[in-house]
Amino acid sequence: MDTIWTAPEQLDGSLGDDVIGYDVQAPDGSVGTVVRLSPVPGFDHLVIDAGVWKFGRSVVVPAGMVTAVEHGERVIKVRCTKEEIKDAPRFERDQDTGDLFYLRRLGAHYESLTAAAG
């Protein structure tokens, strides 16, 4: 993985617009549904409607956290837990995904998780 914002090489471009509507699964359960992808080049990420477990909010997960895309089952698997996603800088507005300050804070959060995992 080059950066937290780059999907792992083994996914071979599997994070295209066709994943909108896919369920997102963390190791400890469902996170929600993909509602859109990154509008900012170099900051590839998923915007996920987290539904009730996140009080009806959306969350943002960088593409580098994706471990698998299962097109047959319409599922994307991520390596971070639901709690780690909840602890990320809060996504407030659609404009946040184009705000480099927000994206850098978000990236620092997820990079700390990958550093801790070794």
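## A tucked-away threonine

Let's start with Thr-97: this residue is buried, with a relative accessible area of just 1%. That puts it well under the 20% cut-off for calling a residue buried. Keep in mind that we're looking at a predicted model.

Where does Thr-97 sit? You'll find it in the loop that links helix 1 (82–86) and helix 2. Its side chain makes a polar contact with the side chain of Arg-36, at 3.3 Å.

## Helix 2, end to end

Follow the chain on to helix 2. At the start of this helix, a side-chain oxygen of Asp-99 comes to within 2.9 Å of the backbone nitrogen of Phe-101.

Helix 2 has 18 residues, and at 1.5 Å a residue they should span 26 Å; the end C-alpha atoms are 25 Å apart, so the two values agree.

## Two sides of one helix

Which residues of helix 2 are buried? They are Tyr-102, Leu-103, Leu-106, Gly-107, His-109, Tyr-110 and Leu-113. Look down the helix axis and these buried residues fall within an arc of 155°, so they line one face. They pack against strand 3, strand 4 and helix 1. Over on the other side, Phe-101, Arg-104, Ala-115 and Ala-116 are exposed.

## The sheet

Now for the strands. Six of them form an open sheet in the order 4-3-2-1-6-5, with mixed pairing. Strand 4 (58–62) and strand 5 (66–70) are the edges, each pairing on one side only. On average, neighbouring strands are turned by 35° against each other, ignoring direction.

Helix 2 (residues 100–117) packs on this sheet, touching strand 3 (45–49) and strand 4, and its direction makes about 65° with that of strand 4.

Strand 1 (residues 23–26) and strand 6 (residues 75–78) pair in the parallel sense over three bridges. Asp-23 has Val-75 as its bridge partner in strand 6.

How values were computed
Residues are numbered from 1 along each chain as its sequence is written. This is a predicted model: local features need pLDDT of at least 70, side-chain atom pairs count only at pLDDT 80 or more; totals for chains, interfaces and linings use all residues. Side-chain values use heavy atoms; hydrogens and water are left out. Two strands pair if DSSP finds at least two bridges between them. Helices (H or I, at least four residues) and strands (E, at least two) are DSSP runs, numbered from the N terminus. Axes are lines fitted to C-alpha atoms, for helices over the stretch in contact, and angles run from 0 to 180 degrees between N-to-C directions. Contact means heavy atoms within 4.5 Å. Buried means under 20% relative accessible area, exposed over 50%, partly exposed in between (1.4 Å probe, protein chains only). A polar contact is a pair of N or O atoms within 3.5 Å; within protein, one must be able to donate a hydrogen and the other to accept it, and residues adjacent in sequence count only if both atoms are side-chain atoms. The expected span of a helix is 1.5 Å times one less than its number of residues. The arc is that of the directions from the helix axis to the C-beta atoms.
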